[in-house]
Amino acid sequence: MHGTAGDEDWFTVTLPRPITARRVVFTQGTVVAHGGWFNAQAGKPRVQVQRHAGAAWETLGELADYPPTTATDPGPLANGWDSHEHGLVFAQPERFVALRVIGRPAGGNDAQRAHVTCTELQAFV
């Protein structure tokens with residue numbers, strides 16, 4: 001709901017048929033004074049998949065290289081417009097029809113406007 005911060009924000013890619021991937025890359029979007037990043041202090045963003053349409057989301061890992069951000073401090077993401085990529089390499093290739101990155105949004109100087117931005121979410125063999 002607009003104007004109300006949620007506990008989690010996520011970005012999802014749903015595919016028409018299953019793919020197999022070994023690596024995921026999340027590219028951070030724009031960061032501004034009132035948010036745009038994940039609050040890693042509440043837990044690093046998680047990478048989840050659905051093995052088939054309608055299946056429960058399964059966590060495969062986290063974006064361990066996501067920087068140490070908080071609800072009010074974007075840390076090294078503070079330069080706002082620069083592109084920052086964060087990734088996860090799976091221990092083995094994973095097959096799925098949907099992929100998402102999910103975590104707690106940050107609101108910077110306005111907790112009610114907490115949100116996350118993303119410019120790309122990619123999966124690679």
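Let me start with a definition: helices (H or I, at least four residues) and strands (E, at least two) are DSSP runs, numbered from the N terminus. With that in hand, threonine 59 sits in strand S3.

Before going further, a word on what we're looking at. This is a predicted model, where local features need pLDDT of at least 70 and side-chain atom pairs count only at pLDDT 80 or more, while totals for chains, interfaces and linings use all residues. Residues are numbered from 1 along each chain as its sequence is written, and side-chain values use heavy atoms, with hydrogens and water left out.

Okay, the overall picture. The protein chain has 0 helices and 5 strands, so to speak a β-β-β-β-β pattern when you read along the sequence. Its C-alpha atoms fill a box of roughly 40 × 30 × 20 Å along the principal axes. For 125 residues, a compact globule would have a radius of gyration near 14 Å, and the protein chain agrees with its 14 Å. That radius is taken over C-alpha atoms, and the globule rule is 2.2 Å times the number of residues to the power 0.38.

How much of the chain is buried? Buried residues make up 38% of the 125. Here buried means under 20% relative accessible area, exposed means over 50%, and partly exposed is in between, using a 1.4 Å probe and protein chains only.

Now contacts, meaning heavy atoms within 4.5 Å. Take the contacts between residues at least 6 apart in sequence: 79% of them join residues at least 24 apart.

On to the inside. A nonpolar core here is a set of buried Ala, Val, Leu, Ile, Met, Phe, Trp, Tyr and Cys residues joined through side-chain atoms within 4.5 Å. The largest one has 20 residues, and Phe26, Val47, Leu63, Tyr66, Leu99 and Val101 touch the most other members. Strands S1 (9-28), S2 (46-50) and S4 (84-103) each supply at least two residues of this core, with the largest share, 5 residues, coming from S4.

Let's zoom in on tyrosine 66. Leaving aside neighbours within four places in sequence, its contacts include Phe26, Trp37, Phe38 and Leu77.

Two of those partners deserve a stop. Phenylalanine 38 is in the loop between S1 and S2, and it's buried, with a relative accessible area of 0%. Beyond four places in sequence, phenylalanine 38 touches a long list of residues, among them Asp9, Phe11, Phe26, Tyr66, Val101 and Val116. Thr69 is on that list too; the C-alpha atoms of phenylalanine 38 and threonine 69 are separated by 7.2 Å, with their positions 31 residues apart along the chain counted as apart.

Leucine 77 lies in the loop between strand S3 (58-62) and S4. Leucine 77 is buried as well, at 1% relative accessible area, and its contacts outside four places in sequence include Val31, Trp37, Tyr66 and His86. Yet leucine 77 and proline 93, 16 residues apart in sequence, are 30 Å apart in space, C-alpha to C-alpha.

Is aspartate 82, in that loop between S3 and S4, buried or partly exposed? Aspartate 82 is partly exposed, at 43%.

Finally, back to threonine 59. Threonine 59 is partly exposed, with a relative accessible area of 41%. Leaving out neighbours within four places in sequence, threonine 59 is in contact with Arg46, Val47 and Gln48. And arginine 100, 41 residues away in sequence, is 9.4 Å from threonine 59, C-alpha to C-alpha.
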